[in-house]
Amino acid sequence: MHRNTAGGPIAVGVADVVKTYGRGETAVRALDHVSLDLPARRFTAIMGPSGSGKSTLLHCLAGLNTVDSGQVRIGQSFLNGLTDAELTKVRRDRIGFVFQSFNLLPTLSAEDNILLGLRLAGRAPDHSWLDTVINALGLRDRLRHRPGELSGGQQQRVAIARALAGRPEVVFADEPTGSLDSRSGAEVLGFLRMSVRELGQTVVMVTHDPVAAAHADHGVLLADGRVARHLPCPTADTVLAALAGLGA
């Protein structure tokens, strides 16, 4: 792993990244020479006004989008120039992703949804690790239930367990509480924070919610496709003030 200036390991990063959508007069530069290193075993929240580039940055970091120029890396591995098959392997083996809409298969049980990625990859689960994740997320008595038999918060916990099942280097979460009520959302954020504190996971989350961002160790604010500010130990108030300063 690369290390930052403070000596800690870097889990994922971008250097001078540019990403543009469209061409000519309709072109929109979503990321404008962004450089950013995100530390391992930390919970980082990426925030910004609508159109700031936060979701684009998350998708580029996770290898879901390619960049026009600049470099993207997971640990010591650069994603630039990888073939589609190589990118698929990186996403499958080294990255977990939590979506706002859960993305669970309705015909499968919670347990089968959790194990789906590992089975598709032909990987045997680490049962000790899997038991730790399932117990930490409070899913032991829900494993045989299908998604339609679970609450929204329980479905998102299953999605988190699926993301963690392969013990990835980084878990990316795209508005993971956007479809949940406040109580379920707080539980999910608590579980993500717990995965960092107790399981040594690295979590990178995009959110528009200052309360959600307050669960993170560090906040990164984007504006107009650039990093505008860093917020160590963010609170809802400091995030709101920083967003107000950006005109959000």
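## A walk along the salt bridges

Start by selecting arginine 92, which is partly exposed, with 39% relative accessible area. Keep it on screen, and bear in mind that you're looking at a predicted model.

Arginine 92 belongs to a bigger group: Lys89, Arg92, Asp93 and Arg123 are joined into one network by salt bridges that share partners. Let's visit some of that network.

Next, add aspartate 93 to your selection. Its side chain meets that of arginine 92 in a salt bridge, with an N to O distance of 3.3 Å. Is aspartate 93 buried or exposed, or somewhere in between? At 22% relative accessibility, aspartate 93 counts as partly exposed, because the buried class is reserved for values under 20%.

Now pick lysine 89. What does the side chain of lysine 89 do with aspartate 93? The two meet in a salt bridge, 2.7 Å from N to O. Colour helix H2, residues 84-94, and you'll find both aspartate 93 and lysine 89 in it. They sit 4 residues apart, about one turn of the helix. Lysine 89 is partly exposed too, with a relative accessible area of 45%.

Time to move on to another pair: select aspartate 112 and arginine 119. These two form a salt bridge, and their closest N and O atoms are 2.9 Å apart. Aspartate 112 has a relative accessible area of 26%, so it goes down as partly exposed.

Want to keep exploring? How many salt bridges does a search of the whole structure find? The count is 12, and the stops on this tour include the aspartate 93 pairings with lysine 89 and arginine 92.

Methods:
Residues are numbered from 1 along each chain as its sequence is written. This is a predicted model: local features need pLDDT of at least 70, side-chain atom pairs count only at pLDDT 80 or more; totals for chains, interfaces and linings use all residues. Side-chain values use heavy atoms; hydrogens and water are left out. A salt bridge is a side-chain nitrogen of Lys or Arg within 4 Å of a carboxyl oxygen of Asp or Glu. Helices (H or I, at least four residues) and strands (E, at least two) are DSSP runs, numbered from the N terminus. Buried means under 20% relative accessible area, exposed over 50%, partly exposed in between (1.4 Å probe, protein chains only).
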